[in-house]
Amino acid sequence: MAKKLAKTPAKTTRATQALDKAGLRYSLHAYEYDPEAPRIGLQAAEALGVAPDRVLKTLMAAVDGRTVCLLVASDKEVAMKRVAAAFSGKAAAMLKPADAERLTGYHVGGISPLGQKRVFPTAIDAGSLSDPTAEIHINGGRRGLQIRLTEADLVAALAALVVPLT
């Protein structure tokens, strides 16, 4: 039986188009996506050979019914009270996967904070950033594709709040 070859992800996604349009420097890093991994961000970090705190996972939530985008290190969990406070709300809850996919236009495991169908208010966990010149990985808009860019460029590209979320 022939061995099934992994698909090579396209080099262009809506996320990379957004970075190109903004004139920001980045690099793409493909890896073998494991749909069975219990924590996708940790699996990406391991596959890329980088520390888990250098790979930010993208989470979609609702604060008082308003959709928001969150980025946090793959080895951390958000505190919903902090998420609500970050967006001046009373209550926060994670979106169901189907709702996150419908609203962002991406599949779970491939949701990028960049190039979503609509622009949502975005917050990055302050504890997940270390230095504006340090490089960080985010989802590239496809399963098995990460984008590496500087923390400062990520914050600028997203016009993100940088607040404690964990």
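**Entry 1: helix α2**

I looked up what covers the buried residues of α2, and β7 (145-150) is among the elements that do so. Covering is judged by contact, meaning heavy atoms within 4.5 Å. I noted Gly 41, Gln 43, Ala 44 and Ala 45 as the buried residues of this helix, which comprises residues 40-48. Buried stands for under 20% relative accessible area, exposed for over 50%, and partly exposed for the range in between, with a 1.4 Å probe and protein chains only. Just after α2, I found Gly 49 with a positive phi of about 75 degrees.

**Entry 2: basis of the readings**

I am working from a predicted model, in which local features need pLDDT of at least 70 and side-chain atom pairs count only at pLDDT 80 or more, while totals for chains, interfaces and linings use all residues. Residues are numbered from 1 along each chain as its sequence is written, and side-chain values use heavy atoms, with hydrogens and water left out.

**Entry 3: the whole chain**

I recorded five helices and eight strands. Helices (H or I, at least four residues) and strands (E, at least two) are DSSP runs, numbered from the N terminus. Along the sequence their pattern is α-β-α-β-β-α-β-α-β-β-β-α-β. The C-alpha trace spans about 55 × 35 × 30 Å along its principal axes. The radius of gyration is 15 Å, which agrees with the value near 15 Å for a compact globule of 166 residues. That radius is taken over C-alpha atoms, and the globule rule is 2.2 Å times the number of residues to the power 0.38. Of the 166 residues, 45% count as buried. Among contacts between residues at least 6 apart in sequence, 62% join residues at least 24 apart.

**Entry 4: strands β2, β3, β5 and β8**

I checked strand pairing, which requires that DSSP find at least two bridges between two strands. β2 and β3 are antiparallel and share eight bridges; within this pair, Lys 57 has Val 72 of β3 as its bridge partner. Their hairpin has two residues between the strands, and Asp 64 there takes a positive phi near 50 degrees. Seven of the eight residues of β3 are buried, so this strand is largely enclosed by the rest of the structure.

β3 (residues 66-73) also runs parallel to β5, joined by three bridges, and Cys 69 stands opposite Thr 122 in β5. A further three bridges link β5 in parallel to β8 (residues 161-163), where Val 162 is the partner of Ile 124. In a regular strand the side chains alternate between the two faces of the sheet. For β5 (residues 122-125) I found both faces covered: Thr 122 and Ile 124 are buried on one side, Ala 123 and Asp 125 on the other.

**Entry 5: the largest pocket**

I noted a volume of about 560 Å³ for the largest pocket. Of its 27 lining residues, Ile 40, Lys 57, Thr 58, Leu 59 and Val 108 are the closest to its centre. The elements giving two or more residues to the lining are α2, β2 (56-63) and α4 (97-104), and β2 gives the most, with five. A pocket is an open set of points on a 1 Å grid over the protein atoms alone where a 1.4 Å probe fits, with protein on both sides within 12 Å along at least five of seven lines; lining residues have an atom within 4 Å of a point.

Terms used
Grid points are joined across faces, edges and corners, and a volume is the space filled by probe spheres set on the points.
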